[in-house]
Amino acid sequence: MTAAPPRIRVVRFTPSELVDRLAEALGVYVTAMRYPRSAIRQRAPLWREHTFRPGWRAVGALDERNVLVGLGYGYRGARGQWWHEEVRRGLLDASPNGLPWLADYFELTELHVLPRSQGAGLGEQLLRTLLAGCEQASVLLSTPELDPARPARAWRLYRRLGFVDVLREHRFAGDPRPFAVLGRSLPLPGPDLPPLGHP
Ligand SMILES: CC(C)(COP(=O)(O)OP(=O)(O)OC[C@H]1O[C@@H](n2cnc3c(N)ncnc32)[C@H](O)[C@@H]1OP(=O)(O)O)[C@@H](O)C(=O)NCCC(=O)NCCS
């Protein structure tokens, strides 16, 4: 007999709800990204500060015991934000035709699912729920470049949902790894609509 899959619900978080679960959310982040636990304390002030940014929105996935197993958040991108300026610098250097992407976008800052809950469509459900009702013209994100030594699941998800290259092999200040910046126009159909490609 096989065990029934655990029931997971995807909910929207208000800023205070995410802050109340900040340590738990950062635990999901470091586990999914395979970062050291020390990153939890380092990132906490930044994630808290992000909740004050215009257009901030967040979603979480809770199991039947109310344990957080996945989350996503982001906010409206704007001049002066670190990520925006880094991507702008990269586009100016390597791909100025891409600059219009920065005119009106939602920055997908984080999207993570605990390994034990991956592989069942939860990341896609979180992303669709997060983006439903976004007012911006597009969504942008950065993700480490494909690396044969790391799982490619995030890439498969973004490609499946129609994300295209905005900037490749970008080096953010302070991080030696190459990153891709990917983008997609909005709206993206919500989680209860037929998947992309459905007749
Ligand atoms: C990227 C990430 C958030 C994706 O979450 P996920 O739940 O694993 O991904 P998906 O929603 O795409 O689902 C994955 C698989 O389930 C399958 N799936 C989709 N809908 C399904 C459904 N209804 N039932 C069963 N399986 C389904 C998909 O086909 C997909 O298969 P594949 O990855 O083998 O191609 C997650 O893998 C993760 O946290 N990774 C580490 C951190 C990371 O890289 N984050 C992104 C940084 S930018």
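Begin by selecting helix H6 (153–160), which gives the most to the shell around the ligand, with six residues; helices here are DSSP runs of H or I with at least four residues, strands are runs of E with at least two, and both are numbered from the N terminus. Before going on, note that this is a predicted model, in which local features need pLDDT of at least 70 and side-chain atom pairs count only at pLDDT 80 or more, while totals for chains, interfaces and linings use all residues. Residues are numbered from 1 along each chain as its sequence is written, and side-chain values use heavy atoms, with hydrogens and water left out.

Next, select the ligand together with the 20 residues that surround it (a heavy atom within 4 Å), among which Val113, Gly123, Glu124, Arg153 and Arg160 are the closest.

Now look at the polar contacts, which are pairs of N or O atoms within 3.5 Å. An oxygen atom of the ligand lies 2.8 Å from a side-chain N or O atom of Arg153, and a ligand oxygen is also 2.8 Å from an N or O atom in the side chain of Arg160. Besides H6, the elements that give two or more residues to the shell are helix H2 (22–33), strand S4 (105–113), helix H5 (122–131) and strand S5 (138–144).

Finally, move to the aromatic side chains and select Tyr29, Tyr35, Trp47, Trp56 and Tyr73, which ring pairs link into a cluster. The structure holds nine aromatic pairs, counted where ring centres of Phe, Tyr or Trp (its six-membered ring) lie within 6.5 Å.

Definitions and conventions:
A polar contact is a pair of N or O atoms within 3.5 Å; within protein, one must be able to donate a hydrogen and the other to accept it, and residues adjacent in sequence count only if both atoms are side-chain atoms. Rings of Phe, Tyr and Trp (its six-membered ring) pair if their centres lie within 6.5 Å; planes under 30 degrees apart count as stacked, over 60 as edge-to-face and the rest as tilted.
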